[in-house]
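Got your viewer open and ready to click around? Let's take a short walk, one selection at a time.

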Amino acid sequence: MDDLAPLVERARAGDAAALEQLVTAIQDDVYGLALRMLWHPDDAADAAQEILIRIVTHLSDFRGESRFRSWCYAIAANHLRTVRRGRMESADLTFETFERELHETASAAEDLESNPEYAVAVEEVRVGCTLGMLLCLDREQRLAYIAGEILELDHHEAAEILGISPAAFRQRLARARKAIVGFTSRVCGIVDPANGCHCTKRVAYAIERGRVHLGKPVFGDCLRTTAPKFAQVQNAVRRLEELRRAAALYRSHPRFTPRTDLAPAAIARRR
């Protein structure tokens with residue numbers, strides 16, 4: 001059942017209000033995919049804007065042979081495969097270089113726990129770090145992991161979105177999952193308390209490097225909804241069997257939303 005089908009039909013028939021509702025309904029999904037691919041909210045917003053424009057201008061091409069969101073994800077995946085590398089992608093992260101950085105410490109200790117923004121900063125470290133892990137995968141594996149593990153799409157639907165066979169999708173997902181699980185099992189203190197990297201210990205370093213600004217979370221105020229649940233998420237993840245813990249980290253992310261409404265500019269391109 002496609003919950004957006006009625007809106008699609010009305011929008012295709014020229015209903016301006018329906019088109020606005022349709023783009024609004026999908027923009028967070030598109031932006032969330034772009035953010036997980038590119039890490040930085042500004043790069044993600046730029047990519048999402050282009051994707052929404054393509055969706056709106058090619059709306060007449062949608063034949064209803066798949067869910068509308070799946071069709072949108074396919075357009076997004078095609079764009080994100082070739083989009084110019086963002087500012088974080090340009091760092092050419094690998095799991096090895098990322099792990100080395102996670103062992104670095106701030107040059108000076110700070111008393112941060114009493115700061116009212118501390119919990120949000122810890123959540124920002126968690127989200128930023130897990131998104132950083134995705135950048136250690138190549139784009140094709142990253143797309144497969146997002147589709148299969150984070151969005152939890154059926155393998156046949158995910159394969160169709162990525163334009164590959166289900167067998168090829170499963171192979172890509174398996175390689176990506178192995179890399180992410182191996183890294184988190186060895187490094188992440190949420191997954192295993194015996195590991196050396198803990199979000200609370202990374203806040204001072206992240207502030208020193210300019211990646212976290214107290215009171216101004218780079219990923220937006222959506223972090224304020226999940227920050228109070230940090231301990232709950234940590235406990236829930238640790239109760240899972242090892243192979244399921246990494247995926248649970250990603251699924252516990254907030255629903256990412258762009259800082260500005262992307263719908264008006266996309267809709268304007270159709271008029």
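Which helices each supply at least two residues of the lining of the second largest cavity? Select helix H4 (68–82), helix H7 (139–150) and helix H8 (155–162): each of them does.

Before going on, some ground rules. This is a predicted model, where local features need pLDDT of at least 70 and side-chain atom pairs count only at pLDDT 80 or more, while totals for chains, interfaces and linings use all residues. Residues are numbered from 1 along each chain as its sequence is written, and side-chain values use heavy atoms, with hydrogens and water left out. Helices (H or I, at least four residues) and strands (E, at least two) are DSSP runs, numbered from the N terminus.

**Stop 1: the second largest cavity**

Stay with those three helices. A cavity here is a set of points on a 1 Å grid, laid over the protein atoms alone, where a 1.4 Å probe fits but cannot get out; a pocket is an open set with protein on both sides within 12 Å along at least five of seven lines; lining residues have an atom within 4 Å of a point. Grid points are joined across faces, edges and corners, and a volume is the space filled by probe spheres set on the points.

This cavity has a volume of about 70 Å³. To see its wall, select Leu33, Tyr73, Ala77, Leu143, Ile146, Ala147, Leu151, Leu153, Ile161 and Leu162. H7 gives the most to this lining, with three residues. What about class? The lining has ten nonpolar, no polar and no charged residues. (Ala, Val, Leu, Ile, Met, Phe, Trp, Tyr, Cys and Pro count as nonpolar, Asp, Glu, Lys and Arg as charged, and the others, Gly among them, as polar.)

**Stop 2: the largest cavity**

How many cavities of 30 Å³ or more does a search of the whole structure find? Two. For the largest, with about 110 Å³ of space, select Cys129, Met133, Cys188, Cys197 and Cys199, which lie nearest its centre among 15 lining residues. Now add helix H6 (118–135) and helix H10 (199–208), which each supply at least two residues of the lining. The largest share, five residues, comes from H6. By class, this lining has ten nonpolar, three polar and two charged residues.

**Stop 3: the largest pocket**

Keep Cys129 selected and add Phe98, Glu101, Gly128 and Arg211: these five lie nearest the centre of the largest pocket, out of 19 lining residues. The pocket's volume is about 280 Å³. Helix H5 (95–102), H6 and H10 each supply at least two residues of its lining, and H6 has the largest share here, with five. The lining divides into 13 nonpolar, two polar and four charged residues.

**Stop 4: the second largest pocket**

About 200 Å³ of space lies in this one. Select Asp29, Arg36, Leu151, Pro254 and Arg255, the closest to its centre of the 13 residues that line it. H2 and helix H13 (242–251) are the elements that give two or more residues to the lining. Its classes are six nonpolar, two polar and five charged.

**Stop 5: along H2**

H2 gives the most to that pocket's lining, with four residues, so trace the helix next. Helix H2 (residues 16–38) has 23 residues and reaches 31 Å from first C-alpha to last, close to the 33 Å expected at 1.5 Å a residue (1.5 Å times one less than the number of residues). Pause at isoleucine 26, where H2 bends by about 35°; the bend is the angle between axes fitted to the seven residues ending there and the seven starting there. Of the 23 residues, 17 are buried (under 20% relative accessible area, with exposed over 50% and partly exposed in between, using a 1.4 Å probe and protein chains only).

Just after H2, click tryptophan 39, which has a positive phi of about 75° although it is not a glycine. Tryptophan 39 counts as buried because its relative accessibility is 8%.

**Last stop: serine 252**

Look in the loop between H13 and helix H14 (263–268) for serine 252. Its side chain makes a polar contact with the side chain of arginine 126 (2.8 Å). A polar contact is a pair of N or O atoms within 3.5 Å; within protein, one must be able to donate a hydrogen and the other to accept it, and residues adjacent in sequence count only if both atoms are side-chain atoms. The backbone oxygen of leucine 249 lies 2.7 Å from a polar atom of the serine 252 side chain.
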